[in-house]
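Let's walk through this model together. Have the sequence and the coordinates open as you read.

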Amino acid sequence: MPIMDWSESLRVGIDVIDEQHAKLVKLVNQLYDAMVAGKGKLVLGTVLTELIEYTVYHFNTEEELFKRHGYPDAVNHIREHNDLARTAKELKIAYESNKATVTFDTMKFLKDWLVNHIMKSDKAYAPFLKSKGEK
Ligand SMILES: [Fe+2]
Ligand SMILES: [Fe+2]
C-alpha cells in the first residue's frame with residue numbers, strides 16, 4: 001500500500017511542475033515499498049539516491065522559472081528547498097555510514113514535507129507564474 005497518493009488537490013496547474021510532483025510522489029512510494037518489503041541496503045540506497053537526485057532536479061526547475069520571471073518570493077522559497085536538500089543529504093550520508101536507516105518516521109517526514117511544501121509554497125507561486133504565461 002502506498003504511503004501517499006497523487007491527487008488533483010496537489011495540482012498547481014503548471015504541467016511541467018505537476019508531472020514532476022507526480023513523479024516525486026511515485027519515488028516516495030517506491031522508497032516506502034522498499035522499506036516495508038525489508039529490501040536490502042543496496043536497493044534502498046539506490047531508491048533513496050534516485051529520490052534525492054530527482055528532488056534536486058525538480059527544485060532547479062522551479063528556481064529557473066523564478067529567475068526567468070522574477071518571482072518576488074524566490075528567496076524564501078529557495079531557502080525551503082535548500083533546507084530539505086541539506087536534510088536529505090545528511091540522511092543519505094548517515095545511511096551510507098550505517099548510522100541511520102530509512103524508517104517509517106523518515107517516510108512520514110518526507111511525505112509531510114512534500115505535501116506541505118506543494119500545498120503552501122508551490123501553490124503560492126502558481127498564479128504569478130501563470131500570469132507570466134507558464135501553463
Ligand atoms: Fe515543487
Ligand atoms: Fe518548491
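## The end of α2

Gly 70 comes straight after α2 and has a positive phi, near 65 degrees. Helices here are DSSP runs of H or I with at least four residues, numbered from the N terminus. This is a predicted model, in which local features need pLDDT of at least 70, side-chain atom pairs count only at pLDDT 80 or more, and totals for chains, interfaces and linings use all residues. Residues are numbered from 1 along each chain as its sequence is written, while chains are lettered from A and ligands numbered from 1 in the order in which they are written.

## Along α2

Helix α2 covers residues 41–69, and its end C-alpha atoms are 42 Å apart; this agrees with the 42 Å expected for 29 residues, taking 1.5 Å times one less than the number of residues.

Val 47, Leu 48, Leu 51, Thr 55 and Glu 62 of α2 are buried, that is, with 20 or more other C-beta atoms, placed from the backbone, within 10 Å of their own (exposed means 12 or fewer, partly exposed in between). The buried residues of α2 pack against α1 (15–36) and α3 (74–96).

## The nonpolar core

The largest nonpolar core (buried Ala, Val, Leu, Ile, Met, Phe, Trp, Tyr and Cys joined through C-beta atoms within 7 Å) has 13 residues, and Leu 24, Leu 27, Val 28, Leu 31, Leu 48 and Leu 51 touch the most other members. The largest share of this core, 7 residues, comes from α1.

## The loop between α3 and α4

Asn 98 sits in this loop. Its phi is positive, near 60 degrees, although the residue is not glycine. Asn 98 is exposed, having 8 other C-beta atoms within 10 Å.

Notes: Helix = DSSP H or I, 4+ residues; strand = E, 2+ residues; numbered from the N terminus. Contact = placed C-beta atoms within 7 Å.
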